[in-house]
Amino acid sequence: SGFNSIGHMDTMLQARHHIGHYKEGEEFLQNVFHVLFLLFSGKEKSNLSSCWLQYEISKVVQCLQAKKKKKLKAQGRKSKKLAKSLLKAPDNRNHLSLWKQYAYLEWLLGNIDEARKVFDTALSAAGTGGLKSAQLCSLSLLYAQLEVELLESIEGAVMSRAVHILTKLAESGPYVPYSGQVLSVNVLKARKTYEHALQDYLSKTPVSDQDQDSDANHLVNLVGCYALFQYLTVGIDAAVLIYARTSEKLEAPGPQECENTGNNSGIQNFPTALEAVTLLHTNLLRFHMKISVYPLNPLREALTEALKRYPSNQCLWRSYIHIQGKSHSASKARRFFDGITRSTNALEPWLFAIQAEQMRKKLIENVWRADVGEIHSTIPETGLTNRIVALFEHAVQSENGTHCPLLWRMYLSFLV
């Protein structure tokens, strides 16, 4: 019983319940963490603590998605207990990413005031590195993003807690908790500081391989903070402009261009940054559409461009099928999926193409069965069924699809 339960499949529905983390698998993973903890020290131990806490947060997220209140309470108590014990360890007391995760955990559990206290304490203790400190940028970005999600509209956002956090980050002084107002002069100064910091970062010379990851993360957090700041103080177009400018800078020039101009900037410097910046861009557009009236086209264009470049990115695919579900014409999306599956070996486009069709099938069946009570429609929707089977057939014949247990299970589940 211990073996198959570790690879839980939270994507599959079984008798109307999501398959969750099984008890035996859970015990196994907890034992792994306990054993590893004795083998590491210093920075490695802190990183392991961070992984452990991320795993606990994933379980809380799962309870939230399944809307199980009782389970969420119990899981929340366990996760908080672990987080507090990890933070008590001498190595972890100044580990900002652990404090960030603990605050996020409190926020997910609905303890907003508690989470704010943890964020404020961590920012106050983090020193005065400002935009030059990668960890401070990361912490401030998450705090500001969570605060922005509480806003009901963008009007008056310039006085919000999120603007206070982002302004304080740019000031590079000691952090002072939000008192209910933000001075206009501070907002203007912060905008100038962000502008210069981003220009300096993008014109940096290529770094050594070891620093590349941390530099890429720092750049992404800096761009995220600046764009969010512009979104709250100026508007959506100002934020989109920053993402566009950054993406333009990060896109790699061809090798010939580099030789001719002697210019070696571009994606060689930050290979992972462009994908993360694109994700921030599409997420902001999605959020803006949720709280105000805004056309769908800019988001659709941004997603299709991004997916051509990153066909394996699951977050982008999720956003894409979410917005396609709102349009009544499936042909455009089908052509797009077809083009992507021909041009890449990645399996994600197949899986999401199948999911999009299954969602469409479910929608049509729900409409047909409306107001009929127990008598189901006797005419099955064969067109979509045949299309889904054809997609499965093509997917399992692809090189990666043949060896993907999830794909075979989904196929069997669909046929049943």
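Let me start with Arg116: this residue is buried, at a relative accessible area of 17%. Buried here means under 20% relative accessible area, exposed means over 50%, and partly exposed is in between, with a 1.4 Å probe and protein chains only. Keep in mind that this is a predicted model: local features need pLDDT of at least 70, side-chain atom pairs count only at pLDDT 80 or more, and totals for chains, interfaces and linings use all residues. Residues are numbered from 1 along each chain as its sequence is written, and side-chain values use heavy atoms, with hydrogens and water left out.

Back to Arg116. What does its side chain meet? The partner is Asp113, in a salt bridge at 3.7 Å, N to O. A salt bridge is a side-chain nitrogen of Lys or Arg within 4 Å of a carboxyl oxygen of Asp or Glu. Asp113 counts as exposed, at 55% relative accessibility. So the pair joins a buried arginine to an exposed aspartate. Both residues sit in helix α5, residues 112-125. They are three residues apart, about one turn of the helix. Helices here are DSSP runs, H or I, of at least four residues; strands are E runs of at least two; both are numbered from the N terminus.

The pair does not stand alone. Asp113 and Arg116 belong to a network of salt bridges with Glu147 and Arg161. In general, side chains of opposite charge can pair when their charged atoms come close.

How many salt bridges are there by this rule? The count is 13. Two more of them deserve a look.

First, Glu106 and Lys80. Their side chains meet at 3.5 Å, N to O. This pair links distant parts of the chain: Glu106 is in helix α4, residues 96-108, and Lys80 is in helix α3, residues 69-88, 26 residues apart. Is Glu106 buried or exposed? Buried, at 1% relative accessibility. Lys80 is partly exposed, at 21%.

Next, Glu195 and Arg245. Here the salt bridge is 3.2 Å, N to O. Again the pair links distant parts of the chain: Glu195 in helix α8, residues 184-202, and Arg245 in helix α10, residues 236-250, 50 residues apart. Glu195 is partly exposed, with 21% relative accessible area. Arg245 is partly exposed too, with 34%.

Now helix α1. It has 17 residues and reaches 25 Å from first C-alpha to last, close to the 24 Å expected at 1.5 Å a residue. The expected span is 1.5 Å times one less than the number of residues. Which residues of α1 are buried? Gly25, Glu26, Gln30, Phe33 and Phe37. Seen down the axis, they fall within an arc of 135°, so they line one face of the helix. That arc is taken from the directions from the helix axis to the C-beta atoms.

The face turned away from the buried side carries exposed Val35, Leu38 and Leu39. Leu39 lies in α1, residues 23-39, and its relative accessible area is 64%. Together with Val35 and Phe40, Leu39 makes a nonpolar surface patch of about 300 Å².

Last, the cysteines. How many disulfides does a search of the whole structure find? Zero. The cut-off is a pair of cysteine sulfur atoms within 2.5 Å. Cys225 has its closest cysteine sulfur in Cys137, at 5.1 Å, too far for a bond. Cys225 is buried, at 0%. Cys51 is partly exposed, at 41%.

Note on methods:
Patches are made of residues with over 30% relative accessible area and no salt bridge: like charges are joined within 9 Å, nonpolar side chains (Val, Leu, Ile, Met, Phe, Trp, Tyr) within 5 Å. Accessible areas come from the Shrake-Rupley method with a 1.4 Å probe; for residues, only the protein chains shown count as cover.
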